[in-house]
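Visitor: I should like a close look at a single part of this model, namely its aromatic rings and how they are arranged. Please take me through that part in one connected account.

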Amino acid sequence: MAEYNYEDLGFFNGSNDSSQGHQDFLRFSKFFLPCMYVVVFTCGLVGNSLVLVIYVFYQKLKSLTDVFLMNLPLADLVFVCTLPFWAYAGIHEWVFGNVMCKALLGIYTLNFYPSMLVLTCITVDRFVAVVRATKAYNQQAKRMAWGKAICSSIWVVSLLVSLPQIIYGNVLYHDKPFCGYHEAISTMVLAIQMTLGFFLPLLAMILCYSVIIKTLLQARGFRKHKSLKIIFLVVAVFLLTQTPFNLVKLIRSTSWEYHTMTSFDYAITVTEAIAYLRACLNPVLYAFVGLKFRKNFWKLVKDAGCLPYLGVSGQHMYSEDTSRSASASHNVEATSMFHL
């Protein structure tokens with residue numbers, strides 16, 4: 001890598017530091033970030049593709065939760081498919097031309113925002129399902145229609161906010177070509193990313209999950225322990241993966257001096273890699289925790305002929321899940337965190 005740092009998928013940060021420390025960082029980032037891109041791409045491709053296959057061929061879209069969970073892996077899947085290009089460019093240089101530069105910046109951004117906004121919608125959906133359980137149960141058809149309209153709106157809004165990257169994205173040169181955009185629009189891009197990609201989902205989680213936890217603690221006949229553990233896991237993963245990267249970017253935006261500090265180059269690179277892990281963890285957190293989804297997963301494994309002996313184990317799990325569901329009351333089913 002030449003005398004520039006990839007920040008948010010390889011954008012030039014303007015640092016002119018030529019010290020030995022900066023040279024060490026360039027060698028580190030040339031190895032570390034592309035490797036992380038490949039790991040996230042591989043795990044995210046497998047996990048999100050599996051979720052989509054199960055929803056399309058087995059689970060179908062029977063609830064509002066299913067609508068949101070269908071859009072989440074779709075956004076993450078297209079997002080991770082852009083990472084091999086950035087990995088190659090990080091190791092070598094940008095060789096894919098100006099059109100591909102604009103296209104990949106647009107695709108990345110177009111799928112970054114839906115992923116984070118769908119997480120926000122899932123949070124609000126869980127709030128309604130638990131706190132307004134009876135009303136949510138009686139208005140499932142209306143909520144499905146609203147959910148599809150909301151998802152369509154999310155993709156339209158994401159397209160609009162990604163236009164600056166598409167319009168101003170170009171192949172730039174600093175010793176060697178790289179794909180990015182000029183400093184003139186970086187502040188606007190940062191403000192949009194921080195708002196839609198971090199603060200909005202964080203605010204939704206804090207407000208909604210606080211009320212959900214209070215409601216669950218007051219509920220009777222509900223498996224509070226498991227539900228509360230899942231909530232804390234979801235919030236913890238979001239905070240641990242997204243907070244460091246956004247915090248470093250926010251601090252760095254306050255002063256140009258931070259752009260010349262090699263320590264911040266390391267911080268941006270490492271926290272960026274951590275933030276992208278969400279594309280691997282989302283399938284686990286928002287799909288595989290569901291009993292219904294795991295049941296369909298075992299069906300897929302059995303139908304694919306992979307490890308046939310698991311079919312018996314899967315069937316045993318079906319009967320256990322069915323008996324548990326049958327023993328639950330109507331109100332407990334309505335307040336289920338994951339509509340299982």
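**An aromatic cluster and its surroundings**

Guide: In this predicted model, one aromatic cluster is made up of Phe85, Trp86, Tyr88, Trp94 and Phe96. The structure as a whole holds 14 aromatic pairs. One of them joins Phe85 and Phe96 in an edge-to-face arrangement, with 5.2 Å from centre to centre and 80° between the planes. The angle earns that description because planes over 60 degrees apart count as edge-to-face. This pair links distant parts of the chain: Phe85 belongs to helix 3 (residues 83-91), whereas Phe96 lies in the loop between helix 3 and helix 4 (97-131), 11 residues apart. As for exposure, Phe85 has a relative accessible area of 26% and is therefore partly exposed. Phe96 is likewise partly exposed, with a relative accessible area of 26%. Both values are classed in this way because the partly exposed range lies between the buried limit of under 20% and the exposed limit of over 50%.

Aromatic rings in this model also meet charged side chains. Arg278 lies over the face of Phe79, 4.9 Å from the centre of the ring. In a further case, the ring of Phe245 has the charged end of Lys249 over it, at 4.6 Å from the ring centre.

One more aromatic residue, Trp146, is found in helix 6, where Trp146 is exposed along with Ala141 and Leu160. These three are on the other side of the helix from its buried residues, among them Arg143, Gly147 and Ile154. Seen down the axis of helix 6, the buried residues fall within an arc of 125°, so they line one face of the helix.

Key. Residues numbered from 1 in each chain as written. Predicted model: local features only at pLDDT ≥ 70, side-chain atom pairs only at ≥ 80, totals over all residues. Heavy atoms only, no water. Phe/Tyr/Trp six-rings, centres within 6.5 Å; stacked < 30°, edge-to-face > 60°. Helix = DSSP H or I, 4+ residues; strand = E, 2+ residues; numbered from the N terminus. Buried < 20%, exposed > 50% of the residue type's maximum accessible area, 1.4 Å probe, protein only. Lys NZ or Arg CZ within 6 Å of the ring centre and 35° of its normal. Arc of directions from axis to C-beta.
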